Amino acid sequence: MPHLTNNKKPMSGKENVIKHSSENPFESMMSRFDEAARIIGLDESDYNVLKAPQKAVIVNIPVMMDNGKVRVFEGFRVVHNANLGPSKGGIRYSMDVHLDEVKALAAWMTWKCAVVGIPYGGGKGGIKCDPRSMSKGELERLTRAYTDLMVDVFGPDRDIPAPDMGTGQQEMAWIMDEYSKLKGYSSPAVVTGKPLVLGGSLGRVEATGRGVMVSTRSALSKLKISPVGATTAVQGFGNVGSISAKLLASQGMKVLAISDVSGAYHNPEGIDVEAAIAYRDSNNGTLEGYTGGSKITNSDLLELEVDVLVPAAMEDQITAENADRIKAKVIVEGANGPTSASADTILNKKGIMVVPDILANAGGVTVSYFEWVQNRLGYFWTEERVYRRADRVMKTAFEAVYQASIEHNCSLRIAAYVVAIGKVAEVEKLRGKFGL
Ligand code: NAD
């Protein structure tokens, strides 16, 4: 566990640490940051440097729509911190995108990369738009125009985007192409999450779900629960949820319930996850009409009596309102920010182990890092090598966070922040970006 130097007066918790109580994503992130900062005795200078993003760029993107009219979209890119290396983080297309959300997501990326020990800082981007209501041509013009405006922000050694909600391989291919055209040479390492044929990595699609599975195994082993026969419920059946469910089942776990926007499906005998994925893929990507389990609500799913609950859909699903009714022994956060800060207190009191998002879902960014490494080497790894290395990263990170939680007598979440903030602050000092 990296420690800060002891020659500075630690913050008392009263003078300098700001108290956050609201459930706004940035405030929620900051309340955990504050708690970890108090534990490691982060001094005021470090605190002030690390709490604020290093850069926040807002652009207005004019796009010629199919009807011949120009619409202007608001876009963001936030670099929270680039101490450990170029900033890394996805680009989200959603009508809910706003600066505070992008700032929180960018900070989470800083802590996530630091927790798993990959040489990246944290960034995030977003465009306020509804991608489902736009044609492919409109999305392409929007993505290329955003890239044009961000050409001095992005770069393989500067800031490396990836997909997030509402974006995927196609948008990454457009960004790679537009950036390469502007630079005059092919630059695949400027984005990750690309199609395989354009320099994507084997194993990227399964990476986040695989990391969730590895983290679940680590957590269960600490609780001396065998995965064989242990029960789980998984909220969300997209990339992270469905692959987590499939891989947990492959470890002998019984998946009692799955869910997506169409509702939740419960089968006390265990859901046949492969069959559910096949059903979803043949049914426009949703579980609507799935008959392999009886229909329950999404809140019922969260409150099921299971060993492991995997929220893998979206933010703020476990809050002060329902935390007291959660019966799982372990929560493994596949989604970013599924548990609000106020719910943490209740879950901790109930003795529920929460493997936090910045650790549990870091398998995705780890394999994104491997994609970038392979792009720069111009040499591609086998799937087996990608998995072996990613599993090692996840296991090592879990152990470091677990040991920090024992050392500081705190939850795994706060321990993950302690590890991450300690590392980023230590590098800040070594690089000497500000005077003592
Ligand atoms: P996705 O779009 O593939 O899937 C989201 C799933 O959640 C869908 O099945 C959707 O129907 C479902 N859903 C949406 N609202 C729901 C609700 N209220 N209740 C139940 N289900 C609901 O997205 P994804 O890539 O799987 O991402 C899921 C979460 O994981 C997000 O928080 C994302 O930021 C996070 N995450 C993703 C990755 C990655 O590599 N894809 C990496 C790290 C974190």
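**Ligand shell, salt bridges and surface**

Of the 21 residues around the ligand, those that come nearest are Thr208, Phe237, Asn239, Val240 and Asn336; a residue is near the ligand if one of its heavy atoms lies within 4 Å of it. This is a predicted model, in which local features need pLDDT of at least 70 and side-chain atom pairs count only at pLDDT 80 or more, while totals for chains, interfaces and linings use all residues. Residues are numbered from 1 along each chain as its sequence is written, and side-chain values use heavy atoms, with hydrogens and water left out.

The shell around the ligand has seven nonpolar, 10 polar and four charged residues. Here Ala, Val, Leu, Ile, Met, Phe, Trp, Tyr, Cys and Pro count as nonpolar, Asp, Glu, Lys and Arg as charged, and the others, Gly among them, as polar. Helix α6 (204-222), helix α7 (239-250) and strand β7 (254-260) each supply at least two residues of that shell; helices (H or I, at least four residues) and strands (E, at least two) are DSSP runs, numbered from the N terminus.

Backbone atoms approach the ligand at two residues: an N or O atom of Gly238 lies 3.1 Å from a ligand oxygen, and a polar atom of Asn239 is 3.0 Å from an oxygen of the ligand. From the side chain of Asn298, an N or O atom is 3.1 Å from a ligand nitrogen. The ligand has 820 Å² of accessible area on its own, and the protein covers 75% of this (Shrake-Rupley method with a 1.4 Å probe; for residues, only the protein chains shown count as cover).

Helices α6 and α7 are also joined by a salt bridge, between Glu206 and Lys246 (2.9 Å, N to O). A salt bridge is a side-chain nitrogen of Lys or Arg within 4 Å of a carboxyl oxygen of Asp or Glu, and by this rule the count comes to 28. Lys246 sits in helix α7 and Glu206 in helix α6, 40 residues apart.

Asp43 and Lys429 form another salt bridge, at 3.3 Å from N to O. Asp43 lies in the loop between α1 (25-40) and α2 (44-51), and Lys429 in helix α14 (residues 412-431), 386 residues apart. Asp43 is buried at 4% relative accessible area, whereas Lys429, at 22%, is partly exposed (buried means under 20%, exposed over 50%, partly exposed in between; 1.4 Å probe, protein chains only).

Glu140 and Arg144 pair within one helix, their closest N and O atoms being 2.8 Å apart. They are four residues apart in helix α4 (residues 136-149), so about one helical turn separates them.

Terms used. Polar contact = N/O pair within 3.5 Å; in protein donor to acceptor, adjacent residues only side chain to side chain.
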